[in-house]
Amino acid sequence: MPAVFGNAWMKGIGKTKEQLNAGFSPMSFVWALIFSFLAAYALARIMVWAQRGAVVDGIVIGLLTGICFGLATVGIHDLFEQRPKQLTLINVLYHTVGFIIIGIILGAWH
C-alpha cells in the first residue's frame, strides 16, 4: 500500500511502481499463499510444543517469532545486501504483524 509504507518500500528496493507492475506474475500470489500457510503451520507447531493455546499466547508467540526470526533473517540479508535500515524495519514489521495475526487466529481456534 503506497499510502502506508509502499512508497518507502519501493524506494528501499530501488524500484518504481511501473517496474514492479512490468515484472509482476499472478503466481506471486500463489507462492505467497503457500509460504503463508507454511509460516502458519510452523507457528501452530510452536504453540502446540509450548502448550499454549489462548489468543494472548498467540499474540506473544507471534510477536516473538516475528521479531526474533524476522529481524534475524531479514536483518542479515539486508546487512549484506546493503539495504537501507528503513527497508529492514518495514519488512520486519510487515512479517511481525503477519505472525501476530496468525497467532491470534490460532489462539482463537484452539
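**View 1. Packing of helix α3 (residues 27-49) against helix α4 (residues 55-80) in the predicted model**. In this predicted model, α3 and α4 pack with their axes 11 Å apart and at an angle of about 120 degrees. An angle of about 120 degrees lies outside the range of 65 to 115 degrees that counts as roughly perpendicular and is not over 145, and the two helices are therefore oblique to each other. The crossing in which α3 passes α4 is right-handed. On the α3 side the contact is made by Leu-43, Ile-46 and Met-47, and on the α4 side by Asp-57, Gly-58, Ile-61, Gly-62 and Thr-65. Sorted by class, the residues of this contact comprise four nonpolar, three polar and one charged.

**View 2. Crossing of α3 with helix α5 (residues 85-109)**. The axes of α3 and α5 come within 10 Å of each other and cross at roughly 55 degrees, which makes α3 oblique to α5. This crossing, too, is described as right-handed. From α3, the residues Ser-36, Ala-39, Ala-40, Leu-43, Ala-44 and Met-47 take part, and they meet Phe-99, Ile-102, Gly-103, Leu-106 and Gly-107 of α5. Eight residues of the contact are nonpolar and three are polar, while no charged residue belongs to the contact of α3 with α5. Leu-43 and Met-47 of α3, listed here among the residues that meet α5, are also listed in the contact with α4.

**View 3. Pairing of α4 with α5**. Here the axes of α4 and α5 come within 7 Å and cross at roughly 155 degrees. Because angles over 145 degrees count as roughly antiparallel, α4 is roughly antiparallel to α5. As α4 passes α5, the crossing is right-handed. The residues of the contact of α4 with α5 divide by class into 12 nonpolar, 11 polar and one charged.

**View 4. The largest pocket and the residues around its centre**. The largest pocket has a volume of about 1400 Å³. It is lined by 32 residues, of which Trp-9, Ala-32, Asn-91, Tyr-94 and His-95 are the closest to its centre. Two or more lining residues come from each of α1 (2-13), α2 (17-22), α3 and α5. The greatest contribution to this lining is that of α5, which gives nine residues. In terms of class, the lining holds 20 nonpolar, nine polar and three charged residues.

**View 5. The helices in the setting of the whole chain**. The chain contains five helices and zero strands, and from the N terminus on its elements follow the order α-α-α-α-α. Taken along the principal axes, the box filled by the C-alpha atoms of the chain is roughly 45 × 30 × 25 Å. Within this chain, α5 takes part in the contact with α3 and in the contact with α4, and α5 also gives the most to the lining of the largest pocket.

Conventions
Residues are numbered from 1 along each chain as its sequence is written. This is a predicted model: local features need pLDDT of at least 70, side-chain atom pairs count only at pLDDT 80 or more; totals for chains, interfaces and linings use all residues. Side-chain values use heavy atoms; hydrogens and water are left out. Axes are lines fitted to C-alpha atoms, for helices over the stretch in contact, and angles run from 0 to 180 degrees between N-to-C directions. Helices (H or I, at least four residues) and strands (E, at least two) are DSSP runs, numbered from the N terminus. Angles under 35 degrees count as roughly parallel, over 145 as roughly antiparallel, 65 to 115 as roughly perpendicular and the rest as oblique. A crossing is left-handed if the near helix is turned anticlockwise from the far one by less than a right angle, and right-handed if clockwise. Contact means heavy atoms within 4.5 Å. Ala, Val, Leu, Ile, Met, Phe, Trp, Tyr, Cys and Pro count as nonpolar, Asp, Glu, Lys and Arg as charged, and the others, Gly among them, as polar. On a 1 Å grid over the protein atoms alone, a cavity is a set of points where a 1.4 Å probe fits but cannot get out, and a pocket is an open set with protein on both sides within 12 Å along at least five of seven lines; lining residues have an atom within 4 Å of a point. Grid points are joined across faces, edges and corners, and a volume is the space filled by probe spheres set on the points.
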